[in-house]
Amino acid sequence: MKTAIYPGSFDPITFGHIDIIERASKIFDRLVVGVLNNQSKQPLFTVDERVSMLKTVTKNLPNVEITSFCGLLVDFAKAYDSHVVVRGLRAITDFEYELQMSQTNHILAPELDTVFLTTDLKYSYLSSTTVREVASFHGDISAFVPEFVEREMRKKFL
């Protein structure tokens, strides 16, 4: 069984993230989506809230598992006996950063490879940062996130 890891902050989860999850779930036998608990950042949603939202949007994907993690990605991958990390790319700037991270991870864990999936063109502009910014000014984010995520974001910005 080939297990892949798809790590991220997912703050909030967007249609771009969902696109990558759905496509990766068709490629690998098991996809573990890891929600990063980064103590140095102040996320909009707690780790538990992000895990819950991801579980909701992936409930129809039986080979997708949602969990949280902190620490090094290479250690997270080892804990799930995974040798593959999935990363989504929107633009060249993403590639530069992700290539650097992939090479660093490969030095730390030579058995760990990174697979890059480009997002669907209709999501190539989309980022969680953009969604948070638009929502903070009470803009329409319905094209960016599922309806229930939009409702949760509205609660945060009331």
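**Backbone geometry, sheet and largest pocket**

At a relative accessibility of 58%, Asp 81 counts as exposed, and in this predicted model the residue has a positive phi of about 50° although it is not a glycine. Asp 81 is found in the loop between α3 and β4. Most residues other than glycine have a negative phi, and most peptide bonds are trans. A positive phi, near 50°, is also found at Phe 10, again a residue other than glycine, which lies in the loop between β1 and α1. Phe 10 is buried, because its relative accessible area of 3% falls under the 20% cut-off, whereas Asp 81 is exposed, because its 58% lies over the 50% limit. The loop between β1 and α1 also holds Pro 12, and the peptide bond that joins Asp 11 to Pro 12 is cis, with an omega of about 5°.

The strands of the model form an open sheet of five, arranged in the order β3-β2-β1-β4-β5, with parallel pairing. The edges are occupied by β3 (64-69) and β5 (113-118), each of which pairs on one side only, and the twist from one strand to the next averages 30°. Strands of a sheet pair through backbone hydrogen bonds, either parallel or antiparallel. Between β4 (residues 84-89) and β5, which run parallel, there are six bridges, and Leu 89 has Thr 118 of β5 as its bridge partner. Helix α4 (residues 92-108) packs on the sheet, where it touches β4 and β5, and its direction makes about 165° with that of β5. Helix α2 (residues 47-57), in turn, lies across β2 (30-36) and β3, and runs at about 150° to β2.

Rolling a probe the size of a water molecule over the atoms shows where empty space is left. The largest pocket holds about 1,200 Å³ of space. Its lining comprises 46 residues, of which Pro 7, Gly 8, Ser 9, Arg 87 and Glu 98 are the closest to the centre. Two or more lining residues come from each of β1 (3-8), α1 (15-27), α3 (73-79), β4, α4, β5 and α5 (128-136), and the most are given by α4, with nine residues. By residue class, the lining of the largest pocket divides into 18 nonpolar, 20 polar and eight charged residues. Helix α4 thus appears both in the packing on the sheet, through β4 and β5, and in the lining of the largest pocket.

Conventions:
Residues numbered from 1 in each chain as written. Predicted model: local features only at pLDDT ≥ 70, side-chain atom pairs only at ≥ 80, totals over all residues. Heavy atoms only, no water. Pairing = 2+ DSSP bridges. Helix = DSSP H or I, 4+ residues; strand = E, 2+ residues; numbered from the N terminus. Axes fitted to C-alpha atoms, helices over the stretch in contact; angles between N-to-C directions. Contact = heavy atoms within 4.5 Å. 1 Å grid on protein atoms, 1.4 Å probe; cavity = no way out; pocket = protein on both sides within 12 Å on 5 of 7 lines; lining within 4 Å. Points joined across faces, edges and corners; volume = space filled by probe spheres on them. Nonpolar A, V, L, I, M, F, W, Y, C, P; charged D, E, K, R; others polar. Buried < 20%, exposed > 50% of the residue type's maximum accessible area, 1.4 Å probe, protein only.
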